[in-house]
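Ready for a bit of practice at reading a structure? Grab a pencil, have a look at the model, and try each task before you peek at its solution.

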Amino acid sequence: MNGERFYRALLRLYPQPFRRRYGAAMTEIFVDLRHHSRTSGLRFWSFIVSDTIRSAAIQHLDVWTSVSPRVAIRWLLACVVGTVLCNLAGGVFLWAFEYLYHPYLEGTTFLPSAYGALIGATLGTTQSFMFTRMSERATWILVSALSTAVGWEFAIATAGATSLEHGVVIGATVATAQWLTLRGRMRRPSAAALMSSVAVGTAAVAGAVAVTRSLAGFDALGAPRGTAPITIEAVLRDFYMPMDWTQCLVAVAATAVAGLLLGAITLKPASSLFARAH
Amino acid sequence: MLSRAEFHVLLSLLGSDRHGYSIMRDVEELTDGEMRLGPGTLYTAIARLARAGLIEECAADTERRRCYRVTRKGKTAARDEAKRLATLVRTARKRGLLASES
């Protein structure tokens, strides 16, 4: 590979719009610099490589910080409120199941997908307010609910016991559904879907660890984790039911942090999507 | 506040309209070889300055290279930055960091 071809390969480190705009001019300058360079090959290349790495990092940072503040705040708020509401909706759902449970119903259980659909629809509804058209909102809610339902079933059937495994499987399913739905609307839907997958995994771990660990501190001797039958243990595995208002507040705060993480990781692809919607 | 590379690109364009490679050589000359801009640093500075409206593209030169010139807003920004740096140097002198001007 000659020097120019190697430099062209290095240019791939820059964000695509920057590369398209300035890539050709930068290559011309590189050719001139190389032609007139009086330094050794090693010094020249260490200068070029360090310059490329440093400036490419700055360019990527510029891309992330160029998100419209209005869109960013709305998206972060949607994710935080959505995640907290998910926690509340999940709590109410599980409480209702336990409250209405009767010995006659021994052996019966609810479908994990129903729980997943509830969670997906809740978060999807708060996020859907980013769209202006009703049809887009409805599609977003539907896709979120269905993909989370399928993801939840899939996670229980295939994933291990940890929140990370559950989060990654659910995130990957939601991400695939988003990728299929958003293909025509986004510049890089696969990257956005990957971000979603990472984000749901991270949020699941952050939420579960924060809720479980912080609430466990309130009851170091280990209060029962709920009296639900074994059939829903898979769903309850990562949750510790709050016992009083203080514990409720801690759980809300912990899930809000998880929602913030979810929003922050998906901020860039979301902003490119919603910037067009506004 | 302008970065060091951005300020030097503005200083170079205050002299005349230039294309990328010419800016690079001029900055090297202006700083007696102390500051060498790589292609990445140069175009990162150009992109930021253009986005802020401090420089703009002008007609390509005879070699069909993209050329840049400083805008009125860019001149004001360069002057403000120079004043800021001058104040900083005066303060450093008061504290004995630099020898006093005579």
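Below are some exercises on this predicted model, each with a worked solution.

**Exercise 1. Get to know chain B**

Work out how many helices and strands chain B has, and in what order its elements run.

*Solution.*
- Step 1: Count the elements. You should get 4 helices and 3 strands for chain B.
- Step 2: Start at the N terminus and walk along. The elements of chain B come in the order α-β-α-α-β-β-α.
- Step 3: Add burial to the picture. Chain B has 102 residues, and 44% of them count as buried.
- Step 4: Look at the outside. Chain B exposes about 6,200 Å², with 50% of that supplied by carbon and sulfur atoms.
- Step 5: Finish with the contacts. Take those in chain B with a separation of 6 or more: 48% of them are between residues 24 or more positions apart.

**Exercise 2. A salt bridge inside a helix of chain A**

Find out how far apart A:Arg8 and A:Glu4 are along helix H1 of chain A, and say whether each is buried, exposed or partly exposed.

*Solution.*
- Step 1: Recall the general idea. Side chains of opposite charge can pair when their charged atoms come close.
- Step 2: Check the distance. A:Arg8 and A:Glu4 have N and O atoms 2.6 Å apart, and the cut-off for a salt bridge is 4 Å, so the pair qualifies.
- Step 3: Place the pair. Helix H1 of chain A covers residues 3-10, and A:Arg8 and A:Glu4 sit 4 residues apart in it, so about one helical turn separates them.
- Step 4: Judge the exposure. A:Arg8 has a relative accessible area of 45%, which makes it partly exposed. A:Glu4, at 30%, is partly exposed too.

**Exercise 3. Two salt bridges in chain B**

Say which elements hold the pair B:Glu56 and B:Arg69, and then which element holds B:Glu81 and B:Arg84.

*Solution.*
- Step 1: Take B:Glu56 and B:Arg69, whose closest N and O atoms are 2.9 Å apart in a salt bridge. This pair ties together distant parts of the chain: B:Glu56 is in strand E2 (residues 55-58) and B:Arg69 in strand E3 (residues 67-70), 13 residues apart.
- Step 2: Check their exposure. B:Glu56 is partly exposed at 36%, and B:Arg69 is partly exposed at 33%.
- Step 3: Move on to B:Glu81 and B:Arg84, a salt bridge with its closest N and O atoms 2.8 Å apart. Both residues lie in helix H4 (residues 72-94) of chain B, 3 residues apart, about one turn of the helix.
- Step 4: Compare each with the cut-off. Buried means under 20%, so B:Glu81, at 6%, is buried. B:Arg84 is partly exposed at 32%.
- Step 5: Zoom out. The count over all chains is 9 salt bridges, and a network of them links A:Arg21, B:Glu57 and B:Arg66.

**Exercise 4. Patches on the surface**

Name the residues that make a positive patch in chain B and a nonpolar patch in chain A.

*Solution.*
- Step 1: Find the positive charges. B:Arg72, B:Lys75, B:Arg79 and B:Lys83 gather in a surface patch of positive charge.
- Step 2: Pick out one member. B:Lys83 belongs to helix H4 of chain B and is exposed, at 52%.
- Step 3: Turn to chain A. There, A:Leu77, A:Val81, A:Leu85 and A:Leu88 make a nonpolar surface patch of about 330 Å².
- Step 4: Place A:Val81. You'll find A:Val81 in helix H4 (residues 69-100) of chain A, partly exposed at 38%.

Notes:
Residues are numbered from 1 along each chain as its sequence is written. Chains are lettered from A and ligands numbered from 1 in the order in which they are written. This is a predicted model: local features need pLDDT of at least 70, side-chain atom pairs count only at pLDDT 80 or more; totals for chains, interfaces and linings use all residues. Side-chain values use heavy atoms; hydrogens and water are left out. A salt bridge is a side-chain nitrogen of Lys or Arg within 4 Å of a carboxyl oxygen of Asp or Glu. Helices (H or I, at least four residues) and strands (E, at least two) are DSSP runs, numbered from the N terminus. Buried means under 20% relative accessible area, exposed over 50%, partly exposed in between (1.4 Å probe, protein chains only). Patches are made of residues with over 30% relative accessible area and no salt bridge: like charges are joined within 9 Å, nonpolar side chains (Val, Leu, Ile, Met, Phe, Trp, Tyr) within 5 Å. Accessible areas come from the Shrake-Rupley method with a 1.4 Å probe; for residues, only the protein chains shown count as cover. Lys and Arg count as positive and Asp and Glu as negative; His and the chain ends are not counted. The place of a charge is taken as NZ of Lys, CZ of Arg, CG of Asp or CD of Glu. Contact means heavy atoms within 4.5 Å.
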